[in-house]
Amino acid sequence: MKVKSPLEIYKLLPKTNCKECGYDTCMSFAAHIIDRSAKVEDCKPLVEAAKQDEKARQDLEKLIELTSPEIDEIVIGKDLKIGGKEVLHRHELTFFNPTALFFDVWDTMDDKEIDERCSRVVEYRKFYVGKFLTLDGIAVRCTSNNPERFAEVAKKVAGYGKPVVLVSFDANCMRAALEAIAEHNPLVYAATPENWEDFLELAMEFNVPVVVRSSDLDMLKSLAATFKAEGVKVVMDPVTEPAGEGLRKTFERVVQLRRTAILGDDKEVACPIMITPIAAWMVEGDAVSKAYWETVIASLFIVKYGDAMILHSLEPYTVMPLITLRANIYTDPRTPVQVEPGLREINNPTQDSPVFITTNFALTYYTVESDLQSAGISGWLLVLDTGGLGVEVSVAGGQFTAGKVKELMEKTGVAEKVNHRYLVIPGLAARLQGAIEDETGWKVLVGPTDSGRIKGWLEQHWPPKK
Amino acid sequence: MKLTLEEFFKLLSKYEVEEIEGLRLEGDIEIEIEEGAGFAHVVNEINLAMQHLMNALSMLGAPVSLPGVEVPAAPAKEHKMLLERRFEPFRVEYPGQIQEVQLGATRSEGGSRERVIKLGGEKSLPFYLFDASQPNLPAISIDVFDKPVPLPKAVREHYEDVMSDPAEWAKKVVNKFGADAVTIHLISTDPLLDDTPPGEAVKVVEDVLQAVKVPIIVGGSGNKEKDPIVLEKVAEVAEGERVMLASATLDMDWERIGNAAKEYGHVVLSWTQMDMNSQKTLNRYLLKRLGLPRDSLVMDPTTAALGYGLDYAYTNMERIRLSGLKGDEDLAFPISSGTTNAWGAREAWMKDSPIEGDTPWGPRELRGPLWEIVTGLTLSLAGVDIFMMMHPASVAVLKELISTLGGRKGETKVGDWVGVEL
């Protein structure tokens, strides 16, 4: 975004403080546009005025131009957004639109296998900080060179409802697949120095986003510029070479492209970047080595500027670290990951149920809460305000203290909810056992260091032996 | 170039000139067109050629009232031209440079190491070789403990045979798993464990120095009262070896550790809890108040595991590194990462997910090492210069990536995946 101050935006707004955008003042609205939690188009009066009034139309256009992201934002499928980045380092603002992960099928696979892989993509779930992480889409590769078959498989895959990437360098095959599923807004992979004229025609005819591909950055920029000039949405693939000097050069190309787009203000390369860790499967080695190396390449470019990826391994042991890394890198550093302190009821607790305590660091809290839920444990969960720190750090740093525990217990009135006086503290807070007992008068039981083991621990320790 | 009539008509049809009204040509007529013509040029040539043709035709007695050829302004079937561009990479140069720090000392330097490690020296972000060369690539040290410790199964199985003998353990990590250095943790000194007296604990350090020829790093137990006493003793018995004393923190007697390092020629690991400002403070205390030489300081800004705060660790280290490069002298030091922390994540060691609704996690013996690899590689991109790790496969993979991105590998020919069945 070119503007840095809300004032520059405010100047072009109606300044009526009408609140239609959901904010109290136009100035507050402008501030939210700056941090990208609101869009210019949310100003309904301005959008309406622009339909009739020339001056308003110009203001709106100027605002949209001033506030558009540094890197183009592109939609694949119905609403999967990629790109839209503003900065090179996440602390400078935040990274928008997490790297989209596409997993491959190919059209010479038998239908059963295709269905099996698609189902795995659609069904994959990993619980993390209060929600389930999922995968984004499926890349259909044409290995048959047969337009009818490619179209047939594309149609089948699109039926799963996830965004699709169509992979072929052959214009006839691509045309057949687009005729079958263009309305699903697939991403076309890829226009090259050899086929670009035909692919440009396809992109314009079917109005779909296209990946342009070349490891020669002059050529890549030429292709991007040519497609953009025709109004096509462009993703750039600087070619992922999976090993040796080739991988190092890939890293260089990706960093140079993104840095030149953002710091060098080169709009023609301000496109989302496609990375293809699947290339690791072409390196010699056994399946585990290939899966490992694919994960390494993918991780590298989740951290550094990959906006979309095509991957092969669907093994949970490779998928889980990748989506966790993606969740971490794309966590907004501006918002502390905390939950409300207080008392939570888990699985309808009674007067006899145990009382647990944990911190308000979102990751800790959701882990403990979901572990109790999943294990079917009924209990009371005290959530201590540690300023969003985990157990170990807050005990060491003095945010988790006996005094604060006492305060929380009084505030929540937990003593009235149960007919016992036992508090279960996290294993990592064991050293506070005596102090909490002195402070609260309750008996303190030291629980396991991992809440995943509470079930087994309770079997031995609850109800407590008198 | 010479055109025959037949070629001429081909040329016309190529540019969609479908008909020249009332024209019939017979016989051999040659038209000359220059080589190297672009489209506009060719159109010109066609017009010229038409003049030739008409002249020729009139000579042959054909009707001369020929209409001029209607050459379309743009071809009917649009032929797009590639917009030719040059990519000019944006150049970045930083004023600062990260301090170079050597671990280990050779005989001629007053120690007994056969190999030493140099950390730091960067003038750019990690692996940005296109900005500046990176003289020292990150090194990997493997953790060894002075008594058996509980470890996740996937890690434990590699060390079970040497766990009761730190010297053998150290040999194994160097000779078998390729460690560049050994970190020996004197955890038995913890008053809550064996409370081993410092004088006795340091015997293990001497044994390890005997057993391996690489630099060593010595850690305490994490006890704030005991560690300064233990590390002081370590500094004394390892005089001249340039070991790294791990660690000095703000809430302990850092002065004692710093002074010992100064007196006996060692390196101090300055450890803070994921906060750039505290890191700056502790570094300043060590450098300015104690006068620790700049080539004797390494920082540990704290490593959180993938999924457990890695985002904080990454961003904290990246900001520290950027500050150093931009000229903040208090932060321009090599960074160390306790990557073994990755094994604290339940995803690394637990048999399967305790959470209902999760897709099964897959075999933990494959999952665990990847957890350590991804934690390490992420932080390598933030600027880590030395990793402390445990799983041999994780060490091998991270080493491979470091030497690849560090430009130490040759070209490898690999085919394209696009149309291949996998």
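Which residues have the most contacts inside the largest nonpolar core? In this predicted model, local features need pLDDT of at least 70 and side-chain atom pairs count only at pLDDT 80 or more, while totals for chains, interfaces and linings use all residues. Side-chain values use heavy atoms, leaving out hydrogens and water.

The largest nonpolar core (buried Ala, Val, Leu, Ile, Met, Phe, Trp, Tyr and Cys residues joined through side-chain atoms within 4.5 Å; buried means under 20% relative accessible area, exposed over 50%, with a 1.4 Å probe and protein chains only) has 219 residues. Those with the most contacts inside this core are A:Leu166, A:Tyr189, A:Ile310, B:Tyr159, B:Trp169, B:Val182 and B:Ile216. Helix H11 (residues 287–303) of chain A contributes its largest share, 10 residues; helices (H or I, at least four residues) and strands (E, at least two) are DSSP runs numbered from the N terminus. Apart from this core lies another, of 21 residues, including A:Trp380, A:Leu408, A:Met409 and A:Ala429.

In helix H15 (residues 402–412) of chain A, the buried residues are A:Ala402, A:Val405, A:Leu408, A:Met409 and A:Thr412. Viewed down the axis of H15(A), these residues fall within an arc of 125° and so line one face of the helix, the arc being that of the directions from the helix axis to the C-beta atoms. The face turned away from the buried side of H15(A) carries the exposed residues A:Glu407, A:Glu410 and A:Lys411. Among the elements covering the buried residues of H15(A) (contact: heavy atoms within 4.5 Å) are strands E13 (342–346) and E15 (379–384) and helix H17 (433–440) of chain A. A:Gly413, with a positive phi near 60°, follows H15(A).

Notes. Residues are numbered from 1 along each chain as its sequence is written. Chains are lettered from A and ligands numbered from 1 in the order in which they are written.
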